[in-house]
Amino acid sequence: ARNGRLDLLLIGSDAGPDRVSLRTDTMIVLSVDLSSGHAALMGIPRNLIGVPLPAESAAAVPGGRFPGMLNALYRYAMDRPDRFPGGSMRGLRAVSGAVQELLGVRLDGMAIVNLAGFVRLVDELGGLWIDIPAPLVDDRYPLEDGSALIRISFGAGCQRLDGRMALAYARSRHQDSDYGRMRRQQTVLLALRRQLDPVKLVSSAPALLEIARDDLWTSLKVASLPGIARVLRRVDPSRV
């Protein structure tokens, strides 16, 4: 964070039993000023087309711009090991490089979680307290394991959601759009931040580490996590 800001790419993938490879359906850049703790969340639309690739992989596509939707870049890169550097990490490297080119911001790290990991995390925390601003109904919501389409309904107001329903609120998009979903995802992240106290999480460390092992990947080194936690603890969710 040499520029005085901590810039992290947060990715939610749709990896699951019914998926081949994965798509990066949720991409959010969290930027925190190290001195003040002031923070911003920037949602990257998954349906962007023509996003520029970095110099190391620009020759892989015509004109150096990915012709498909941005959420398909991971799989595109993974299927072409001769065109994208990074070995087994080439998919995530391609996505982070494209986001850096798009925003003109050098990222300090990334973290990616899949659908099951999100559900397990919220359940381990005892559910998510969230103030839902408006009612939401989706008659065709796909379960994360791909087994069925169900009807989900949320009323407005403060309520506690278990992991599966918190995921459904963040993931549903049939009743509005990708952009409505992006707003809800940020609402969920901020609700999580308001609820989390790093000190109180110590007792849950074994379960959280198991979730991380199974369903989370990050480029951040373990030695950097205490410093990052101190920075993030200063962030006021009401001012993001």
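Is Asp-131 buried or exposed? The model described here is a predicted one, and in it Asp-131 has a relative accessible area of 52%. Because the cut-off for an exposed residue is over 50%, Asp-131 counts as exposed. This residue belongs to strand 7, which covers residues 128-132. Once neighbours within four places in sequence are set aside, the contacts of Asp-131 are with Gly-157 and Cys-158. Arg-65 stands 66 residues away from Asp-131 along the chain, and the C-alpha atoms of the two are separated by 39 Å.

The next residue to consider is Ile-132, which is also placed in strand 7. Ile-132 has a relative accessibility of 1% and therefore counts as buried. Leaving out neighbours within four places in sequence, Ile-132 touches Phe-154, Gly-155, Ala-156, Gly-157, Gln-159 and Tyr-169. Tyr-169 is one of the buried residues of helix 4. Another buried residue of helix 4 is Ala-170; its C-alpha atom and that of Ile-132 are separated by 11 Å, with the two positions 38 residues apart along the chain.

This leads to helix 4 itself. Seven of its nine residues are buried, so helix 4 is largely enclosed by the rest of the structure. The buried residues are Gly-163, Ala-166, Leu-167, Ala-168, Tyr-169, Ala-170 and Arg-171. What do these residues pack against? Their partners are helix 3, strand 7, strand 8 (136-142), strand 9 (149-154), strand 10 (157-161) and helix 5 (178-195).

Two of these partners are helices, and each can be taken in turn. The axes of helix 3 (residues 115-124) and helix 4 (residues 163-171) come within 7 Å and cross at roughly 125°. This angle makes helix 3 oblique to helix 4. The crossing is right-handed. On the side of helix 3, the contact uses Leu-115, Phe-118, Val-119, Val-122 and Asp-123; on the side of helix 4, it uses Gly-163, Arg-164, Ala-166, Leu-167 and Arg-171. By type, the residues of this contact are six nonpolar, one polar and three charged.

Helix 5 is the other helical partner of the buried residues of helix 4. Helix 4 and helix 5 pack at an angle of about 140°, and their axes are 7 Å apart. The two helices are therefore oblique to each other. Tyr-169, Ala-170 and Arg-171 of helix 4 make this contact with Arg-181, Arg-184, Gln-185 and Val-188 of helix 5. The residues involved divide into three nonpolar, one polar and three charged. Arg-171 takes part here, and it also appears in the contact of helix 4 with helix 3.

Helix 3 has a further partner, helix 6 (residues 205-215). The axes of helix 3 and helix 6 lie 9 Å apart, at an angle of about 175°. That makes helix 3 roughly antiparallel to helix 6. From helix 3 come Ala-116, Gly-117, Arg-120, Leu-121 and Glu-124, which meet Ala-207, Leu-208, Glu-210, Ile-211, Asp-214 and Asp-215 of helix 6. This contact is made up of five nonpolar, one polar and five charged residues.

The nonpolar interior comes next. How many residues does the largest nonpolar core have? It has 25, and those with the most contacts inside it are Leu-9, Ile-11, Met-27, Leu-53, Leu-70, Leu-73 and Phe-84. The elements giving two or more residues to this core are strand 1 (5-12), strand 2 (26-33), helix 1 (73-78), helix 2 (90-103) and strand 6 (109-113). Helix 2 supplies the largest share, five residues. Leu-73 shows some of this packing in detail: beyond its neighbours within four places in sequence, it is in contact with Leu-53, Phe-66, Phe-84, Ala-94, Val-95 and Ala-98. Another core, of 21 residues, lies apart from the largest one and includes Leu-115, Ala-166, Leu-167 and Ala-170. Leu-115 of helix 3 and Ala-166 and Leu-167 of helix 4 were met above, in the contact between those helices.

A last stop is Ala-55, in the loop between strand 4 (49-52) and strand 5 (65-69). Ala-55 is exposed, with a relative accessible area of 76%. Glu-101 is 46 residues from Ala-55 along the chain, and their C-alpha atoms are separated by 9.4 Å.

Note on methods. Residues are numbered from 1 along each chain as its sequence is written. This is a predicted model: local features need pLDDT of at least 70, side-chain atom pairs count only at pLDDT 80 or more; totals for chains, interfaces and linings use all residues. Side-chain values use heavy atoms; hydrogens and water are left out. Axes are lines fitted to C-alpha atoms, for helices over the stretch in contact, and angles run from 0 to 180 degrees between N-to-C directions. Helices (H or I, at least four residues) and strands (E, at least two) are DSSP runs, numbered from the N terminus. Angles under 35 degrees count as roughly parallel, over 145 as roughly antiparallel, 65 to 115 as roughly perpendicular and the rest as oblique. A crossing is left-handed if the near helix is turned anticlockwise from the far one by less than a right angle, and right-handed if clockwise. Contact means heavy atoms within 4.5 Å. Ala, Val, Leu, Ile, Met, Phe, Trp, Tyr, Cys and Pro count as nonpolar, Asp, Glu, Lys and Arg as charged, and the others, Gly among them, as polar. A nonpolar core is a set of buried Ala, Val, Leu, Ile, Met, Phe, Trp, Tyr and Cys residues joined through side-chain atoms within 4.5 Å. Buried means under 20% relative accessible area, exposed over 50%, partly exposed in between (1.4 Å probe, protein chains only).
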